[in-house]
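Subject: Structure handed over, with notes

Hello,

Here is the structure for you to look through. My notes follow below it.

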Amino acid sequence: MESSSTTPGGSARREATRQRLYEAAVTLIAEQGFSATTVDEIAERAGVAKGTVYYNFASKSVLFEELLRHGVGLLTASLREAAERTAGEGRGKVDALDAMIRAGLVFIDRYPAFTQLYVAELWRTNRAWNSTLLVVRQQAVAVVEGVLHEGVATGELSEEIDVPLTAAALVGMVLVAALDWKSFQPERTLDDVHAALSRLLQGRVSGRP
């Protein structure tokens, strides 16, 4: 999973190592679960020594917690960039929401294993990193909430919209639809899935006929 920024020298090399560890961990944990995945397996899959894992992360749990922060951070940045791009083009808030839906689908198409893992963890409440998961989830949802609030304020969207629930529903819609696409309808294209969700958005959020 690529970082949104790069740093020079040794920091860049360390970031590259962390990226390999993220990739290895997310793939293994998605395949066999957190408890069954060992640090030795993560190190072997990443092509590094076991000590390198502990040099970068204090434990497997810390690695996983940072993986969640990193992955959802990338998703949040993608959503924010989509909203800012449409605003810069002078387009409305429904267009911004539609662009964010597509950005979410693009992210999931690129990182399906992480998305599967993230959704699975949302249902678990006994993990050490549960508080971190709630924080990063809210960061992603908050980007959508911001666009909804702006749309209501300008009159483009209905004042009857429950902004927190609608934002969560839109994010959840993208996650669940994309996972169904990847698992059960892989013959469909990203454009197919986006078109279906876009029509739902236009009819249910904007109130357009």
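A residue counts as buried under 20% relative accessible area, as exposed over 50%, and as partly exposed in between. Please keep in mind that this is a predicted model.

Salt bridges

By the rule used here, there are 10 salt bridges. Side chains of opposite charge can pair when their charged atoms come close. Three of the pairs are described below.

Start with E65. Its relative accessible area is 21%, so E65 is partly exposed. Its partner R69 has 38% relative accessibility and is therefore partly exposed too. In the salt bridge between R69 and E65, the closest N and O atoms are 3.9 Å apart. Both residues belong to helix α4, where they sit 4 residues apart, about one turn of the helix.

Further along α4 there is another such pair, R85 and E81, also 4 residues apart, or about one turn. Here the closest N and O atoms of the salt bridge are 2.7 Å apart. R85 has a relative accessible area of 36%, which makes it partly exposed. E81, at 41% relative accessibility, is partly exposed as well.

The third pair is K93 with E150, a salt bridge whose closest N and O atoms are 2.7 Å apart. K93 is in helix α5 and E150 is in helix α7, so this pair ties together parts that are 57 residues apart in sequence. Is K93 buried or exposed? Its relative accessible area is 18%, so K93 is buried. E150, in contrast, has 40% relative accessibility and counts as partly exposed. Some salt bridges share partners, and in this way E65, E66 and R69 are joined into one network.

The nonpolar core

The largest nonpolar core has 65 residues, and the members that touch the most others are L97, M100 and F114. Which elements give two or more residues to this core? They are α1 (9–32), α2 (39–46), α4 (60–88), α5 (93–110), α6 (112–122), α7 (130–154), α8 (163–184) and α9 (190–204).

M100 is worth selecting in the viewer. Apart from neighbours within four places in sequence, M100 is in contact with L79, A82, A83, V143, V144 and V147.

Helix α5

Of the 18 residues in α5, 13 are buried, so this helix is largely enclosed by the rest of the structure. Its length can be checked as well. At 1.5 Å a residue, α5 should span 26 Å, and its end C-alpha atoms are 25 Å apart, which agrees.

Helix α7

α7 has 25 residues; from first C-alpha to last it reaches 36 Å, close to the 36 Å expected at 1.5 Å a residue. There is nevertheless a kink of about 25° in α7, and it is centred on V141. V141 is one of the buried residues of this helix, and others among them are N130, L133, A140, E145 and G151. V143, V144 and V147, already listed as contacts of M100, are buried too. What covers the buried residues of α7? The cover includes α4, α5, α6 and α8. Just after α7 comes G155, which takes a positive phi of about 85°.

Regards

Note on methods:
Residues numbered from 1 in each chain as written. Predicted model: local features only at pLDDT ≥ 70, side-chain atom pairs only at ≥ 80, totals over all residues. Heavy atoms only, no water. Core = buried A, V, L, I, M, F, W, Y, C linked by side-chain atoms within 4.5 Å. Buried < 20%, exposed > 50% of the residue type's maximum accessible area, 1.4 Å probe, protein only. Contact = heavy atoms within 4.5 Å. Expected span 1.5 Å × (residues − 1). Bend = angle between axes of the 7 residues up to and from the residue. Salt bridge = Lys/Arg side-chain N within 4 Å of Asp/Glu carboxyl O.
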